[in-house]
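Biologist: I'm new to this one and would like a close look at a single part of it, the aromatic rings. Could you bring it up and walk me through them?

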Amino acid sequence: MTIIDEIESSLLLLSSRPLVSWRRASGRPTIPDTDASEPTITFSHRRDEDDAILTADISYFAGAVCEVRIPGAHYETVFARLQKIVLSAVIRFQNRAVQAMNAINRNVLDSLDPNEINMNAIEQTLSVIAASDAGVLRLYDEASGLLIPVSQVGFDDDYYNYRTTPQESISGSVFSTGTPVLLNSPEDIRDAHANLRAPNVRFLSEQRLSHSLICVPIRTDTTTLGTLTVMSFREGSAYGEFSVSLLAAVATQLAIAYKKSQAYELAVRSNESINRMRLEIEKRNAELARSLSAHDDILSIFTHHRPLSEHLEEIATHYGIDFHYADIFGTTFGSKEWKEPKTTEAVLVHPVRVADDVVGAFRFERGDNASYAAAILGVVSAFVALEIVRSASQDEILNSKRRKHFEALGRDDLVTSGGAVRFGFQIRKYCQIIFVRHEQESAQNQSLFLQRTLQQALKAATIRNQLSFYTDEGVFLLFCAATEETLRTNLESIGDQAAAEGWCCGASLIQSAPHRYPEAAAEAVEAAHLMGMRHRPGILMHSETGIDRLLRKQSAADILEFADQILAPFENEANGDALLRTLEIYIESGKSASKAAASLGIHINTLYQRLQRAQLLMGKDIDNKDDYLLLSLAFHLKSTYGSPQPAGRTKAASA
């Protein structure tokens with residue numbers, strides 16, 4: 001029974017009599033990174049008139065999406081049951097795969113005879129990859145330069161004559177590139193049989209075409225030995241990424257088996273190294289057997305609801321491996337015996353990915369135990385990714401509630417007059433809103449990065465009385481305190497964090513009761529936008545935006561071009577930089593000659609001479625109010641939108 005059959009049969013037993021349908025996952029299937037691919041299952045629901053449509057996407061495992069139509073308004077219980085049925089079926093599906101992999105370990109890896117390996121390989125492979133009707137193992141023959149079928153199931157004996165070069169057909173492409181191929185339609189499979197020689201074209205024209213196919217390379221560390229292919233002839237059949245990972249694991253075992261066989265032959269010829277070779281084979285067998293049995297043990301560890309650090313501590317103790325873990329949320333863990341290696345070359349890294357984004361990493365030391373540690377941590381990383389997604393989903397729900405509470409505060413001023421505490425937040429006399437712009441490029445997992453930004457901002461905050469939430473645009477932080485000074489201290493601390501993290505933030509004016517939260521939020525967003533135009537991190541107070549608000553619809557490049565045109569006469573002047581600097585300091589000093597001369601470290605007469613030369617060069621009179629305004633504006637725009645300020649200038653509110 002396939003995983004689809006198992007799920008459907010369980011759903012049809014429900015008392016609600018749901019209508020169950022399946023559809024192939026949309027889009028062309030992707031090939032996972034078999035060293036670091038995480039299984040994903042997504043659930044969703046929507047309304048269709050009076051019915052509820054529940055969806056379970058198991059395309060990672062079966063290349064398909066299940067849709068369940070529930071009549072009536074109450075579907076929550078069925079949705080929860082659907083999740084339980086799907087997850088249970090997936091776990092059983094994975095367990096069956098692990099058991100089948102163990103069988104390969106016994107029947108293939110334990111063999112030292114190449115012919116016996118070939119004979120058992122395909123039969124064992126079809127027991128691992130569910131719903132497969134046929135399979136073929138090809139090995140590369142150096143003498144003829146062809147990929148030759150050495151074992152097959154599901155075809156006539158004539159199929160052994162279907163030999164390909166590395167430049168033709170699907171197997172040839174996989175062999176040459178070393179990249180697995182996953183195809184889930186007859187059209188894609190037909191198109192992939194490219195550059196066939198005439199005899200092979202005729203041969204394939206007489207064969208039935210499969211509906212889905214996976215082909216992976218069989219590789220050792222340095223050599224590609226051949227290809228391993230499975231296929232299904234059933235209409236509408238589809239494979240998932242999990243099947244690619246399983247087939248790649250089988251191919252790895254075959255590569256190890258062939259390598260063992262070759263090693264054994266060499267050992268037989270050399271009495272001096274026979275014992276060492278046997279020990280190495282036994283060690284690799286033991287490591288592989290331990291890694292294959294690890295999945296169930298790790299699953300059992302992660303079924304308990306407790307902090308991630310406790311899961312990782314049990315992993316380190318149970319498997320006797322030392323490692324360090326860190327993720328984007330600031331979670332870190334080091335096993336008791338972990339010591340930071342002296343050089344980066346001594347460290348191996350295994351990433352934790354959610355979809356295509358790296359959200360964490362395991363670090364462990366190179367050594368004799370490294371391959372075993374990599375196998376264990378590869379499985380652990382998948383469970384850690386699921387933990388991160390589960391935690392993020394819970395945070396999404398809480399974030400929505402906090403956002404709605406904030407909106408209620410803005411609509412109903414009566415809420416602000418009470419002393420009730422919700423989400424750890426209580427109205428005080430003074431309030432201020434800080435907004436952190438979202439700059440993360442990934443759209444697929446942006447909520448993870450927004451949660452990380454929110455957590456880091458709250459760690460930097462000195463006020464615990466806050467209401468925070470995030471939207472697609474960024475993070476909102478509402479702080480309330482009894483004094484304005486408390487809010488200013490908090491702003492400075494978050495400003496330091498913003499500069500360190502590269503955030504562009506805006507802060508509203510400090511309001512006293514009654515508070516106007518929507519107005520404060522708009523001020524913070526506008527100030528953050530203007531800070532972003534400056535291309536430098538930090539916090540900009542809305543009260544310090546000034547003339548920048550008139551320019552918010554202009555690009556930074558256009559603003560700088562305007563300032564450069566005003567100051568252009570100094571570009572070709574021999575002493576232009578000194579004249580420009582003198583004029584800038586004089587304006588910054590409020591036209592105080594003594595202050596400007598002291599700041600520049602020059603005699604006051606020299607100052608007057610430079611000012612006279614600068615005015616003649618520009619054709620401007622600094623005592624004319626219009627000319628003074630234009631020059632002041634040009635210097636302000638250059639300092640604000642030009643290159644970042646040098647070290648030592650204030651980094652939070654240096655508008």
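Are Phe 435 and Phe 476 buried or exposed, that is, which of the two words fits them both?

Modeller: Keep in mind that this is a predicted model. Both Phe 435 and Phe 476 are buried. To put them in context, let's begin with the overall count: there are 17 aromatic pairs here. One of them is made by Tyr 325 and Phe 362, whose ring centres are 5.0 Å apart with 45° between the planes, a tilted arrangement. Follow the chain and you'll find Tyr 325 in strand β10 (residues 324–327) and Phe 362 in strand β13 (residues 357–365), so this pair links distant parts of the chain, 37 residues apart. Tyr 325 and Phe 362 are buried too.

Now back to the two you asked about. The ring centres of Phe 435 and Phe 476 lie 4.6 Å apart and the planes meet at 45°, so this pair counts as tilted. Phe 435 belongs to strand β14 (residues 430–437) and Phe 476 to strand β16 (residues 474–481), so the pair ties together parts 41 residues apart in sequence.

Rings can also gather in a group: Phe 155, Tyr 159, Tyr 162, Phe 203 and Phe 233 form one aromatic cluster. Look at Phe 233 in that cluster, since Arg 208 lies over its face, 3.9 Å from the ring centre. Elsewhere, Lys 591 has its charged end over the ring of Tyr 628, at 4.9 Å from the centre of that ring.

Key
Residues are numbered from 1 along each chain as its sequence is written. This is a predicted model: local features need pLDDT of at least 70, side-chain atom pairs count only at pLDDT 80 or more; totals for chains, interfaces and linings use all residues. Side-chain values use heavy atoms; hydrogens and water are left out. Rings of Phe, Tyr and Trp (its six-membered ring) pair if their centres lie within 6.5 Å; planes under 30 degrees apart count as stacked, over 60 as edge-to-face and the rest as tilted. Helices (H or I, at least four residues) and strands (E, at least two) are DSSP runs, numbered from the N terminus. Buried means under 20% relative accessible area, exposed over 50%, partly exposed in between (1.4 Å probe, protein chains only). A charge sits over a ring if NZ of Lys or CZ of Arg is within 6 Å of the ring centre and within 35 degrees of the ring normal.
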